[in-house]
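I am opening a notebook on a structure that is new to me, and I want to set down in order what I look up in it. The entries go from strands to loops and then to a pocket.

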Amino acid sequence: QVQLVESGGGLVQAGGSLRLSCAASRYIFNIYTMGWYRQAPGKQRELVAAITSGGSTNYADSVKGRFTISRDNRKNTAYLQMNSLKPEDTAVYYCAAALDIATMARGFGSWGQGTQVTVSS
């Protein structure tokens, strides 16, 4: 099991930026697909972005062009750069790691505790 610790959340005004980080505990981090999910109050958890071990990425339509997912395998860390933030981006953001995105989408794999992102209008 991979332990994940998120950081970088906070309060920001609309149009601002935040960078989330997800530090993983295991040295074999590089074989995992990493993902960022979010859950807003009263809504289901949704995939925001994912990056495979090979560096392929995919994004939710709502964040394309504004968010960028990346990873640094030397540091066992994944990132989510969030620009042009909107109030509707307000949610708890969770980092996830799994051997593939299908496993992650079913809620399996490893999950962090979440970090709050609040975007004020």
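Before the first entry I need one term: a strand here is a DSSP run of E of at least two residues, and strands are numbered from the N terminus. I also note at the outset that the model is predicted.

**Entry: Leu4**

I began with Leu4, which I found in strand β1, residues 4-7. Is Leu4 buried or exposed? Its relative accessibility is 7%, and because buried means under 20%, Leu4 counts as buried. I then listed what Leu4 is in contact with, leaving aside its neighbours within four places in sequence, and the list includes Cys22, Met34, Cys95, Ala97 and Trp111. For a residue farther along the chain I looked up Ser53, which is 49 residues from Leu4 in sequence and 16 Å from it in space, C-alpha to C-alpha.

**Entry: the disulfide**

Two of the contacts of Leu4 are Cys22 and Cys95, so I turned to this pair, which forms a disulfide with the sulfur atoms 2.0 Å apart. Cys22 lies in strand β3 (residues 18-24) and Cys95 in strand β9, so the disulfide ties together parts that are 73 residues apart in sequence. How many disulfides does a search of the whole structure find? It finds one. I also looked up the handedness: the torsion about the S-S bond of Cys22 and Cys95 is about -80 degrees, and the disulfide is therefore left-handed. Both cysteines, Cys22 and Cys95, are buried.

**Entry: strand β4 and its partners**

Strand β4 covers residues 33-39, and I noted that it is mostly covered, with six of its seven residues buried. On one pairing, β4 runs antiparallel to β9 over seven bridges, and within that pairing Met34 has Ala97 of β9 as its bridge partner. Both Met34 and Ala97 had already appeared among the contacts of Leu4. In another pairing, β4 and β5 are joined in the antiparallel sense by five bridges, and there Tyr37 is matched with Leu47 in β5. The two strands β4 and β5 form a hairpin with six residues between them, and Gly42 in the turn has a positive phi of about 80 degrees.

**Entry: strand β8 and its partners**

I went on to β8, where five of the six residues are buried, which leaves the strand mostly covered. Which way do β3 and β8 run with respect to each other? They run antiparallel and are joined by six bridges, and Leu18 has Met82 in β8 as its bridge partner. Strand β7 (residues 67-72) also pairs with β8 (residues 77-82) in the antiparallel sense, over six bridges. Within the pairing of β7 and β8 I picked out two positions: Ile69 stands opposite Leu80, and Ser70 stands opposite Tyr79.

**Entry: two residues with positive phi**

The hairpin of β7 and β8 has four residues between its strands, and Asn76 is placed in that loop. Asn76 has a positive phi of about 55 degrees although it is not a glycine, and with a relative accessible area of 14% it is buried. I found a positive phi again at Ser84, near 50 degrees and also in a residue other than glycine. Ser84 sits in the loop between β8 and β9 (91-98), and at 41% relative accessibility it counts as partly exposed.

**Entry: Thr52**

I looked up Thr52 in the loop between β5 (46-51) and β6 (57-59), where its relative accessible area of 29% makes it partly exposed. Not counting residues up to four places away in sequence, Thr52 touches Tyr32, Thr33 and Arg71. Its C-alpha atom is separated by 23 Å from that of Gly9, which is 43 residues away along the chain.

**Entry: the largest pocket**

Last, I asked what lines the largest pocket, and found 15 residues, of which Arg38, Ala40, Lys43, Glu46 and Glu88 lie nearest its centre. The lining of this pocket divides into four nonpolar, four polar and seven charged residues, and the space in the pocket is about 200 Å³.

Key. Residues numbered from 1 in each chain as written. Predicted model: local features only at pLDDT ≥ 70, side-chain atom pairs only at ≥ 80, totals over all residues. Heavy atoms only, no water. Pairing = 2+ DSSP bridges. Buried < 20%, exposed > 50% of the residue type's maximum accessible area, 1.4 Å probe, protein only. 1 Å grid on protein atoms, 1.4 Å probe; cavity = no way out; pocket = protein on both sides within 12 Å on 5 of 7 lines; lining within 4 Å. Points joined across faces, edges and corners; volume = space filled by probe spheres on them. Nonpolar A, V, L, I, M, F, W, Y, C, P; charged D, E, K, R; others polar. Disulfide = S-S within 2.5 Å. Contact = heavy atoms within 4.5 Å.
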